[in-house]
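Welcome, and thank you for opening the viewer. Let us take a walk together, one selection at a time.

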Amino acid sequence: MWEETDNKLRRTFTFADFSEAFAFMARVALVAEKMGHHPEWTNVYNKVTIALSTHDAGDVVTDKDRKLAAAIDKLVR
(Lines give C-alpha, C1' and ligand atoms only; values in the text may rest on other atoms or scores of the structure.)
Protein backbone atom coordinates (compact mmCIF):
# COMPACT_ATOMS: atom_id res chain seq x y z
CA MET A 1 0.00 0.00 0.00
CA TRP A 2 1.07 3.56 -0.65
CA GLU A 3 1.85 5.71 2.38
CA GLU A 4 1.70 9.48 2.38
CA THR A 5 4.61 10.88 4.43
CA ASP A 6 6.65 14.06 4.16
CA ASN A 7 4.53 15.33 1.23
CA LYS A 8 5.21 12.20 -0.85
CA LEU A 9 3.41 9.01 -1.71
CA ARG A 10 5.80 6.13 -0.96
CA ARG A 11 5.79 2.42 -1.58
CA THR A 12 8.37 -0.34 -1.67
CA PHE A 13 7.92 -3.25 -4.06
CA THR A 14 9.75 -6.57 -3.57
CA PHE A 15 10.46 -8.98 -6.41
CA ALA A 16 12.06 -12.41 -6.76
CA ASP A 17 15.35 -11.00 -8.02
CA PHE A 18 17.10 -8.05 -9.63
CA SER A 19 15.90 -8.90 -13.15
CA GLU A 20 12.24 -8.78 -12.10
CA ALA A 21 12.80 -5.51 -10.23
CA PHE A 22 14.52 -3.95 -13.22
CA ALA A 23 11.79 -5.14 -15.61
CA PHE A 24 9.20 -3.53 -13.32
CA MET A 25 11.15 -0.26 -13.40
CA ALA A 26 11.19 -0.36 -17.20
CA ARG A 27 7.39 -0.82 -17.28
CA VAL A 28 6.92 2.03 -14.79
CA ALA A 29 9.20 4.26 -16.88
CA LEU A 30 7.03 3.77 -19.96
CA VAL A 31 3.83 4.60 -18.07
CA ALA A 32 5.40 7.59 -16.31
CA GLU A 33 6.71 8.99 -19.59
CA LYS A 34 3.25 8.74 -21.18
CA MET A 35 1.77 10.56 -18.19
CA GLY A 36 4.53 13.17 -18.20
CA HIS A 37 5.13 12.51 -14.50
CA HIS A 38 8.35 10.92 -13.34
CA PRO A 39 9.00 9.12 -10.05
CA GLU A 40 11.82 9.46 -7.60
CA TRP A 41 13.02 5.92 -6.99
CA THR A 42 15.74 3.65 -5.74
CA ASN A 43 16.57 0.05 -6.52
CA VAL A 44 18.61 -2.30 -4.38
CA TYR A 45 18.72 -5.85 -5.72
CA ASN A 46 15.08 -7.04 -5.60
CA LYS A 47 13.50 -3.96 -4.00
CA VAL A 48 12.22 -0.83 -5.73
CA THR A 49 11.16 2.11 -3.58
CA ILE A 50 9.12 4.84 -5.26
CA ALA A 51 8.30 8.32 -3.94
CA LEU A 52 5.82 10.52 -5.79
CA SER A 53 5.21 14.25 -5.47
CA THR A 54 4.44 17.02 -7.93
CA HIS A 55 7.41 19.36 -8.17
CA ASP A 56 5.65 22.17 -10.04
CA ALA A 57 2.92 22.22 -7.36
CA GLY A 58 5.47 22.83 -4.61
CA ASP A 59 6.59 19.24 -3.97
CA VAL A 60 3.30 18.07 -2.54
CA VAL A 61 1.05 15.12 -3.34
CA THR A 62 -1.53 15.91 -6.02
CA ASP A 63 -4.05 14.01 -8.11
CA LYS A 64 -1.26 13.52 -10.66
CA ASP A 65 0.65 11.44 -8.10
CA ARG A 66 -2.40 9.41 -7.12
CA LYS A 67 -3.09 8.61 -10.80
CA LEU A 68 0.50 7.48 -11.37
CA ALA A 69 0.40 5.39 -8.16
CA ALA A 70 -2.79 3.68 -9.38
CA ALA A 71 -1.20 3.01 -12.77
CA ILE A 72 1.89 1.54 -11.07
CA ASP A 73 -0.31 -0.70 -8.91
CA LYS A 74 -1.87 -2.15 -12.07
CA LEU A 75 1.58 -3.22 -13.25
CA VAL A 76 2.06 -5.54 -10.26
CA ARG A 77 -1.37 -7.14 -10.10
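Start with the whole surface switched on: the protein chain exposes about 4,900 Å², and carbon and sulfur atoms supply 54% of that area. Keep in mind as you look around that this is a predicted model.

Now colour the residues by burial. Of the 77 residues in the protein chain, 34% count as buried. Next, colour the charged side chains. There are 11 positive and 12 negative charges in the protein chain, and their mean positions lie 5 Å apart.

**The overall fold**

Switch to a cartoon view. How many helices and strands does the protein chain have? You should find two helices and four strands. Trace them from the N terminus and the order reads β-β-α-β-β-α.

For a sense of scale, draw a box along the principal axes: the C-alpha atoms fill roughly 35 × 25 × 20 Å. A compact globule with 77 residues would have a radius of gyration near 11 Å, and the protein chain, with 12 Å, agrees with that. Then turn on the contacts between residues at least 6 apart in sequence; 62% of them join residues at least 24 apart.

**Stop one: Glu4 and Arg66**

The salt bridges come next, and the count is four. Select Glu4 and Arg66, whose side chains meet in one of them, with 3.5 Å from N to O. Glu4 sits in strand 1 (residues 3–5) and Arg66 in helix 2 (residues 63–75), so the pair links distant parts of the chain, 62 residues apart.

Are these two partners buried, exposed or partly exposed? Glu4 is partly exposed, at a relative accessible area of 48%. Arg66 is partly exposed too, at 41%.

**Stop two: Lys8 and Glu40**

Select Lys8 and Glu40 for another salt bridge, where the closest N and O atoms are 2.8 Å apart. Because Glu40 lies in strand 3 (residues 40–44) and Lys8 in strand 2 (residues 8–14), this pair ties together parts that are 32 residues apart in sequence.

Show the surface again around this pair. Glu40 is partly exposed, with a relative accessible area of 42%. Lys8, on the other hand, is buried at 18%, because buried means under 20% relative accessible area.

**Stop three: Asp63 and Lys67**

Move along to helix 2 and pick out Lys67 and Asp63. Their side chains meet in a salt bridge of 3.3 Å, N to O. Where do the two residues lie? Both are in helix 2, four residues apart, which is about one turn of the helix. Asp63 counts as partly exposed, at 47% relative accessibility.

**Last stop: Thr12**

Finish by selecting Thr12, which you will find in strand 2. Thr12 is partly exposed, with a relative accessible area of 44%.

Which residues does Thr12 touch, leaving aside those up to four places away in sequence? Select Lys47, Val48 and Thr49 to see them. Then draw a distance line from the C-alpha of Thr12 to the C-alpha of Thr42: the two are 9.3 Å apart in space and 30 residues apart in sequence.

Notes:
Residues numbered from 1 in each chain as written. Predicted model: local features only at pLDDT ≥ 70, side-chain atom pairs only at ≥ 80, totals over all residues. Heavy atoms only, no water. Rg over C-alpha atoms; globule rule 2.2 N^0.38 Å. Buried < 20%, exposed > 50% of the residue type's maximum accessible area, 1.4 Å probe, protein only. Contact = heavy atoms within 4.5 Å. Areas by Shrake-Rupley, 256 points an atom, 1.4 Å probe, with all protein chains shown as cover. Lys, Arg positive; Asp, Glu negative; His and termini not counted. Charge placed at Lys NZ, Arg CZ, Asp CG, Glu CD.
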